[in-house]
Amino acid sequence: MFGTPPKFRAELLDAPIAELGMYWLGVRCTDRCNRTSYIPLKLMAARRGGRMRLRAVVKRLRCEHCKTPPASAWLTDYPVEGGGHGGQVATWRVELLPDAADGGD
Ligand SMILES: [Zn+2]
C-alpha cells in the first residue's frame with residue numbers, strides 16, 4: 001500500500017524539523033478520545049523553531065483535544081490515506097510512536 005520513505009526512521013527522528021517541512025505528523029489519541037489529527041511540520045517549525053529535532057517534537061506531542069500523549073504517531077508525506085477519492089494520498093508512512101526502538105536521548 002505504501003511506498004518507501006525518504007529516510008530511515010532513526011534519520012528522520014534526528015533531523016531538524018525545518019528539513020522535514022514538506023511532511024506531516026499524524027497523531028492518533030487513546031481509545032477514550034479516539035481522534036486522529038495531522039500537523040504540518042512546516043507549522044510546527046514556525047511555532048517551535050526549525051532546529052528542533054523530530055525526536056523532541058514527538059516526545060512533546062499531546063492531543064489537541066484532551067491533552068494526553070498520543071497512543072500512536074507517524075510521519076507521512078500527505079495527510080490523506082487511500083480511500084478512492086481520486087485525489088492525492090499518502091505514499092509512505094513511518095511509525096514514530098509507540099516508541100519501541102530506542103530509549104530516548
Ligand atoms: Zn485526545
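**Fold and sheet architecture of the predicted model**

Read from the N terminus onward, the protein chain follows the pattern α-β-β-α-α-β-β. The radius of gyration of the protein chain is 13 Å, close to the 13 Å that the globule rule gives for 105 residues, so the chain is as compact as a globular protein of that length. The model discussed here is a predicted one. In total, the protein chain contains three helices and four strands.

A few whole-chain values help to set the scene. Along the principal axes, the C-alpha atoms of the protein chain fill a box of roughly 40 × 35 × 30 Å. Of the 105 residues, 22% count as buried. Contacts that reach far along the sequence are well represented: among contacts between residues at least 6 apart in sequence, 60% join residues at least 24 apart.

The strands come together in an open sheet of four, with the order E2-E1-E3-E4 and antiparallel pairing. At the edges lie strand E2 (36-40) and strand E4 (93-97), each of which pairs on one side only. On average, and with direction ignored, neighbouring strands of this sheet are turned by 25° against each other. Helix H2 (residues 41-48) packs on the sheet, where it touches strand E1 (24-28) and E2. The direction of helix H2 makes about 65° with that of E2.

The pairing at the other end of the strand order can be followed residue by residue. As a general point, strands of a sheet pair through backbone hydrogen bonds, either parallel or antiparallel. Here, strand E3 (residues 72-76) and E4 run antiparallel and are joined by four bridges. In one of the bridges, Thr 76 has Arg 93 in E4 as its partner.

Ala 71 offers a convenient view of the loop that leads into this part of the sheet. The residue is found in the loop between helix H3 (54-60) and E3. Ala 71 has 16 other C-beta atoms within 10 Å; because this count falls between the limits of 12 or fewer for exposed and 20 or more for buried, the residue is partly exposed. Leaving aside residues up to four places away in sequence, Ala 71 touches Arg 28, Cys 29 and Thr 30. Of these contacts, the one with Arg 28 involves a residue of strand E1 (24-28). Gly 21, by comparison, is 50 residues from Ala 71 in sequence and 23 Å from Ala 71 in space, C-alpha to C-alpha.

Notes. Residues are numbered from 1 along each chain as its sequence is written. This is a predicted model: local features need pLDDT of at least 70, side-chain atom pairs count only at pLDDT 80 or more; totals for chains, interfaces and linings use all residues. Two strands pair if DSSP finds at least two bridges between them. Helices (H or I, at least four residues) and strands (E, at least two) are DSSP runs, numbered from the N terminus. Axes are lines fitted to C-alpha atoms, for helices over the stretch in contact, and angles run from 0 to 180 degrees between N-to-C directions. Two residues are in contact if their C-beta atoms, placed from the backbone, lie within 7 Å. The radius of gyration is taken over C-alpha atoms; the globule rule is 2.2 Å times the number of residues to the power 0.38.
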